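Colleague: Before I draw anything from this model, I would like to go through it with you, from the overall fold down to single residues. Could you put it on the screen?

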Amino acid sequence: MLITPHALTGAVIATLVPNITFAVPLAISSHFILDMVPHWQETLYPYKPNKLTWIRIPLDLTLSIGLVWWISQAHPNVSSVIWLTAFAANIPDLDSFVSFSPTLLQNKIIKSYWDWHNSIQKETSSLLGLVSQLLWSWVCLYISFSS
Ligand SMILES: [Zn+2]
């Protein structure tokens, strides 16, 4: 799943559960649940970066930072928790560096995690897979500005 839905999920968790002891593990856990929802990716397993990847990442990152900033402005008392959980919700995808440095897969722990993380993905190259991500992002924004 893209950066933005994960970041918004982390942010909304912080608005509902502003205690980092609970919010950070919830944000990390939310990542794996969202990965199981059918979603569009510009590159599918084994995730060779393509031209679209280099366009999507900066746009996705900028959008996620802008929207998390917007949520944090609405919740100034917990803004640091919002930023932390928005980041935490994306931590599980740090294994994407394997695409740039495949030798990392020689480490058995990284390889086991990479294989498991890939096995739970419900990805599609169909742009219909953007609908789930847009809808979920909208739900997160709605909850963030309602709570
Ligand atoms: Zn993931």
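What follows is a set of questions and answers on this predicted model.

Colleague: In what order do helices and strands follow one another along the chain?
Modeller: The predicted chain holds 6 helices and 2 strands. Read along the sequence, these elements give the pattern α-α-β-α-α-α-β-α.

Colleague: What radius of gyration does the chain have, and what would a compact globule of 147 residues have?
Modeller: Along the principal axes, the C-alpha atoms fill a box of roughly 45 × 30 × 25 Å. For 147 residues, a compact globule would be expected to have a radius of gyration near 15 Å, and the value for the chain agrees with this, because it is 15 Å.

Colleague: Among contacts with a separation of 6 or more, what share joins residues 24 or more positions apart?
Modeller: Buried residues make up 40% of the 147 residues in the chain. Of the contacts with a separation of 6 or more, the share that joins residues 24 or more positions apart is 79%.

Colleague: What part of the accessible surface belongs to carbon and sulfur atoms, and how far apart are the mean positions of the positive and negative charges?
Modeller: The accessible surface comes to about 8300 Å², and carbon and sulfur atoms account for 74% of it. The chain carries 6 positive and 7 negative charges, and the distance between their mean positions is 8 Å.

Colleague: Is helix 1 largely enclosed or largely open, and how many of its residues are buried?
Modeller: Helix 1 runs over residues 3-16, and its 14 residues should span 20 Å at 1.5 Å a residue, which agrees with the 20 Å between its end C-alpha atoms. As for burial, helix 1 is largely enclosed by the rest of the structure, because the number of its 14 residues that are buried is 13.

Colleague: Which residues of helix 2 are buried, and which elements do they pack against?
Modeller: Helix 2, residues 20-35, has 16 residues and reaches 22 Å from its first C-alpha to its last, close to the 22 Å expected. Its buried residues are A23, A27, S30, H31, F32, L34 and D35. An α-helix has 3.6 residues a turn, so residues three or four places apart point the same way. The elements that the buried residues of helix 2 pack against are helix 1, strand 1, helix 4, helix 5 and helix 6.

Colleague: Is I20 buried, partly exposed or exposed, and which residues is it in contact with beyond its neighbours in sequence?
Modeller: I20 lies in helix 2, and its relative accessibility of 45% means that it counts as partly exposed. The C-alpha atoms of I20 and S80 are separated by 9.8 Å, although their positions lie 60 residues apart along the chain. Leaving aside neighbours within four places in sequence, the contacts of I20 are P25, V81 and L84.

Colleague: Which peptide bond is cis, and which residue has a positive phi although it is not a glycine?
Modeller: Most residues other than glycine have a negative phi, and most peptide bonds are trans. P46 is placed in the loop between strand 1 and helix 3, and Y47 lies in that loop as well; Y47 counts as buried because its relative accessibility is 11%. The cis bond, with omega near 10°, is the one from Y45 to P46. The residue with the positive phi, about 60°, is Y47.

Colleague: Which residues does S99 touch, not counting those up to four places away in sequence?
Modeller: S99 lies in the loop between helix 4 and helix 5, and its C-alpha is 22 Å from that of S64, 35 residues away in sequence. With residues up to four places away not counted, S99 touches P46, Y47, P49 and W114.

Colleague: Which residues are in contact with T43 and with E42, leaving aside neighbours within four places in sequence?
Modeller: T43 is found in the loop between strand 1 and helix 3, and E42 is found there too. T43 counts as buried because its relative accessibility is 10%, and E42 is buried with a relative accessible area of 10%. Leaving those neighbours aside, T43 is in contact with K48, N50 and T53. For E42, the contacts are N50, L52, T53 and R56.

How values were computed: Residues numbered from 1 in each chain as written. Predicted model: local features only at pLDDT ≥ 70, side-chain atom pairs only at ≥ 80, totals over all residues. Heavy atoms only, no water. Helix = DSSP H or I, 4+ residues; strand = E, 2+ residues; numbered from the N terminus. Rg over C-alpha atoms; globule rule 2.2 N^0.38 Å. Buried < 20%, exposed > 50% of the residue type's maximum accessible area, 1.4 Å probe, protein only. Contact = heavy atoms within 4.5 Å. Areas by Shrake-Rupley, 256 points an atom, 1.4 Å probe, with all protein chains shown as cover. Lys, Arg positive; Asp, Glu negative; His and termini not counted. Charge placed at Lys NZ, Arg CZ, Asp CG, Glu CD. Expected span 1.5 Å × (residues − 1).
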